[in-house]
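Welcome! Please take a moment with the sequence and the 3D view, and then let us walk through them together.

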Amino acid sequence: MDDYTVSPSMWRDRPFSFALTVVLSIGIVGLAILIPWWLIYRNRQLTITESAVRYEEGVFTKHISEMRLRDVRNVQVEQGLIHRLTEAGNVQIASAGSAEAEIAVQGIPNPKGIRRQIDFRQTKQATRETSD
């Protein structure tokens, strides 16, 4: 199975701010806001592989958090009204070894799909380990 990779969406995470920035981007001020914001969102990526969950972020300095799939104990999805309307949300992934989420992503499209992908791959991995 291929890796599942997704990046946060600017307009889904903050639609009103995005619309205002687009309107302001007619001028220099809007572009000064839009370009750094776009770079930040463009350089965030959540990847679910057969054996791990990896989150990368950073424009100039890269920060990578990786957790083995079998260590994932909790996937929490948060969706406010705006996020539900835009089909986005925040995802927090925790392991048994930590009291707090080790991976937290804001404004991710289809956050329930992320949880389903992790559940599916964990089940597949557990089936493969018991059959060996």
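What you see is a predicted model. A good place to begin is asparagine 110, which is partly exposed, because its relative accessible area is 37%, a value between the 20% and 50% cut-offs. You will find asparagine 110 in the loop between E7 and H5. Its backbone deserves a second look: asparagine 110 has a positive phi of about 50°, although it is not a glycine.

Another residue can be described in a similar way. Glutamate 87 sits in the loop that links helix H4 (81-86) with E6. Here too phi is positive, at about 55°, and glutamate 87 is not a glycine. With a relative accessible area of 53%, glutamate 87 counts as exposed, because the cut-off for that word is over 50%.

Now to the strands that these loops lead us to. Three strands form an open sheet in the order E5-E6-E7, and their pairing is antiparallel. Which strands stand at the edges? They are E5 (72-78) and E7 (103-109); each has a single partner strand, so one side of each is left without a neighbour in the sheet. As you step from one strand to the next, the twist averages 20°.

Let us look more closely at one pairing. E5 and strand E6 (residues 88-95) run antiparallel and are joined by 6 bridges. To trace a bridge yourself, start at asparagine 74 and look for its partner in E6, alanine 94. Helix H5 (residues 111-131) packs on this sheet and touches E5, E6 and E7. The direction of H5 makes about 165° with that of E5.

Finally, please turn to a pair of helices earlier in the chain. Helix H2 covers residues 15-24 and helix H3 covers residues 28-42; the two pack with their axes 7 Å apart, at an angle of about 130°. How should that angle be described? H2 and H3 are oblique to each other, because about 130° falls between the 115 degrees that ends the roughly perpendicular range and the 145 degrees above which helices count as roughly antiparallel. Their crossing is left-handed.

Which residues make the contact between them? From H2 come Ser17, Phe18, Thr21 and Leu24, while H3 contributes Gly30, Ile33, Leu34 and Trp37. Sorted by character, the residues of this contact between H2 and H3 comprise 5 nonpolar and 3 polar ones, with no charged residue.

Definitions and conventions
Residues are numbered from 1 along each chain as its sequence is written. This is a predicted model: local features need pLDDT of at least 70, side-chain atom pairs count only at pLDDT 80 or more; totals for chains, interfaces and linings use all residues. Side-chain values use heavy atoms; hydrogens and water are left out. Axes are lines fitted to C-alpha atoms, for helices over the stretch in contact, and angles run from 0 to 180 degrees between N-to-C directions. Helices (H or I, at least four residues) and strands (E, at least two) are DSSP runs, numbered from the N terminus. Angles under 35 degrees count as roughly parallel, over 145 as roughly antiparallel, 65 to 115 as roughly perpendicular and the rest as oblique. A crossing is left-handed if the near helix is turned anticlockwise from the far one by less than a right angle, and right-handed if clockwise. Contact means heavy atoms within 4.5 Å. Ala, Val, Leu, Ile, Met, Phe, Trp, Tyr, Cys and Pro count as nonpolar, Asp, Glu, Lys and Arg as charged, and the others, Gly among them, as polar. Two strands pair if DSSP finds at least two bridges between them. Buried means under 20% relative accessible area, exposed over 50%, partly exposed in between (1.4 Å probe, protein chains only).
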